[in-house]
Amino acid sequence: MELSAVSGKDVTVPFTLAGTAKPSQYRITPSPVVIKAGTKSAAIAVQPADNGINEDDKTVTVSMGVPANAVQGRTTESTVTIVDADPAPAVSFASGSSRGDEKTSPVRLEVALSAPSGRPVTVEYAATGGSAIKGKDYALQGSVLTFAPGETKKTIDIDIMNHNVYDDNKTLEVSLKGPKNAVLGSATKRTYTIINTTPMPSVGFLHPDSSGDEKTSPARLEVALSAPSGKPVTVEYAATGGTAVPGTNYVLKDGTLTFAPGETVKTIEVRVKDDDVNTDDRTFEVSLKNPRNATLGSTALHTYTILDADPAPTVAFAS
């Protein structure tokens with residue numbers, strides 16, 4: 001504060017404070033200030049207090065009261081701006097990767113600020129990759145995280161959809177972008193692995209045995225999975241025994257059945273040959289082996305009975 005001319009008396013000037021700064025954010029010469037007789041000015045010192053928090057600039061407004069031994073001049077108010085010098089915090093994932101089984105839902109991915117902020121901080125997030133399919137394997141809630149002033153941790157919630165189907169593990173990648181009042185930190189991407197915990201299905205014949213007459217061809221032997229699979233399933237088959245003669249009574253080449261993802265039933269076709277001779281019923285056995293992406297079930301062997309359909313011959317004396 002400054003007088004227009006030197007006074008022979010002490011001039012006492014009270015003042016009041018306003019502005020956006022809180023009292024804890026600065027120190028100031030206490031009111032009133034005294035301009036000593038024979039001097040022309042006195043200083044009001046404003047000393048900012050560094051709180052180490054990134055925030056908006058703050059103001060301190062000093063308004064002059066009614067002075068003693070002087071009158072108010074034209075300028076009765078002065079504003080000091082406290083310029084914030086603390087850097088914006090960094091926002092990032094707490095870690096670059098994590099995993100959990102498909103029965104764990106929701107999954108919470110932690111996002112953290114490197115330091116508290118005096119401003120609201122926002123950051124956008126989105127799924128940006130991985131083998132998991134959005135809407136089928138997971139659902140991502142929201143798209144923006146908001147840190148209130150002082151908050152340092154938030155979570156991104158992901159709903160995991162458990163299909164109860166044996167399959168590969170799936171991954172999803174979530175990325176951060178577009179921070180406001182913060183900068184991106186080092187871990188801006190998080191890869192989450194959904195661990196499949198559903199056991200392999202078993203594969204076996206739908207029935208352990210069946211029959212049909214020799215005039216019915218082909219014989220169809222149904223092979224089934226105990227549950228749908230998310231992976232292709234293969235199983236080999238071959239004729240392994242019985243009283244029927246391969247090539248004479250039936251034809252079956254060794255082969256492989258392939259179940260596409262979601263399929264549960266396939267058929268082995270066996271050509272039955274009618275020998276037009278009255279004989280005993282005959283059997284052949286078909287076995288399953290070497291399954292892939294499945295285990296052998298309890299009915300890995302099927303016995304098929306070829307029922308003789310030829311009438312018994314008549315017997316008579318020759319004339």
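Me: Let's start with the largest pocket: which element gives the largest share of its lining?

Reply: That's β7, with 3 residues. Keep in mind that this is a predicted model. The elements giving two or more residues to this lining are β1 (11–13), β6 (58–64) and β7 (77–82).

Me: How many residues line the largest pocket, and which of them lie nearest its centre?

Reply: There are 25 lining residues, and Met1, Glu2, Leu3, Met64 and Thr75 lie nearest the centre. The volume of the largest pocket is about 570 Å³. By class, its lining splits into 14 nonpolar, 8 polar and 3 charged residues.

Me: And the second largest pocket, how do the residues of its lining divide?

Reply: Here you get 4 nonpolar, 4 polar and 6 charged residues. The second largest pocket holds about 220 Å³ of space. It has 14 lining residues, and closest to the centre are Asp137, His163, Asp167, Lys170 and Asn196.

Me: What about enclosed space: how many cavities of 30 Å³ or more does the structure hold?

Reply: A cavity is a space where a 1.4 Å probe fits but cannot get out. The structure has 1 of 30 Å³ or more, and the largest cavity has a volume of about 60 Å³. Its lining is made up of Glu214, Asn249, Lys273, Asp275, Thr279, Asp280, Arg282, Ile306, Leu307 and Asp308. Sorted by class, that gives 6 charged, 2 polar and 2 nonpolar residues.

Me: On to the sheets. In what order do the strands run in the open sheet that holds β19?

Reply: Read across the sheet, the order is β19-β27-β25-β21-β23, so to speak a list of neighbours, and the pairing of these 5 strands is mixed.

Me: Why is one side of β19 and of β23 left without a neighbour in the sheet?

Reply: β19 (209–213) and β23 (255–259) are at the edges and have a single partner strand each, so nothing in the sheet flanks their other side. As for twist, neighbouring strands here are turned by 25° against each other on average, direction ignored.

Me: Do tell me about the β19 edge: how many bridges join β19 to β27, and do they run parallel or antiparallel?

Reply: They run parallel, joined by 5 bridges, with β27 covering residues 301–307. If you want a spot to look at, find Ser211, which stands opposite Thr305 in β27.

Me: What is the strand order in the open sheet that includes β14?

Reply: This sheet also reads as a list of neighbours: β12-β14-β10-β8-β16, an open sheet of 5 strands with mixed pairing. The edge strands, β12 and β16 (183–184), each pair on one side only.

Me: How many bridges join β10 to β14?

Reply: There are 6, between β10 (residues 107–113) and β14 (residues 153–160), and the two run antiparallel. Along that pairing, Arg108 sits opposite Asp157 in β14. On the way to the edge, β12 (residues 138–140) is joined to β14 by 3 bridges, again running antiparallel, and Tyr138 stands opposite Ile160. Strand β8 (residues 90–93) pairs with β10 in the antiparallel sense over 3 bridges, with Val111 in β10 as the bridge partner of Phe93.

Me: How should I think about the side chains along a strand?

Reply: In a regular strand they alternate between the two faces of the sheet. For one residue to look at, take Ile158, which lies in β14. Ile158 has 0% relative accessibility, so it counts as buried. Ile158 and Val183 are 25 residues apart in sequence, and their C-alpha atoms are 24 Å apart in space.

Me: Last topic, aromatics. How many aromatic pairs turn up in the whole structure?

Reply: The search finds 2. A pair of aromatic rings is described by the distance of the centres and the angle of the planes. For Tyr250 and Phe284, the centres are 4.5 Å apart and the planes stand at 20°, so the pair is stacked. This pair links distant parts of the chain, with Tyr250 in β22 (residues 250–251) and Phe284 in β25 (residues 282–292), 34 residues apart.

Me: Are those two rings' residues buried or exposed?

Reply: Tyr250 is buried, with a relative accessible area of 2%, and Phe284 counts as buried at 0%. Together with Tyr304, Tyr250 and Phe284 form one aromatic cluster.

Terms used:
Residues numbered from 1 in each chain as written. Predicted model: local features only at pLDDT ≥ 70, side-chain atom pairs only at ≥ 80, totals over all residues. Heavy atoms only, no water. 1 Å grid on protein atoms, 1.4 Å probe; cavity = no way out; pocket = protein on both sides within 12 Å on 5 of 7 lines; lining within 4 Å. Points joined across faces, edges and corners; volume = space filled by probe spheres on them. Helix = DSSP H or I, 4+ residues; strand = E, 2+ residues; numbered from the N terminus. Nonpolar A, V, L, I, M, F, W, Y, C, P; charged D, E, K, R; others polar. Pairing = 2+ DSSP bridges. Axes fitted to C-alpha atoms, helices over the stretch in contact; angles between N-to-C directions. Phe/Tyr/Trp six-rings, centres within 6.5 Å; stacked < 30°, edge-to-face > 60°. Buried < 20%, exposed > 50% of the residue type's maximum accessible area, 1.4 Å probe, protein only.
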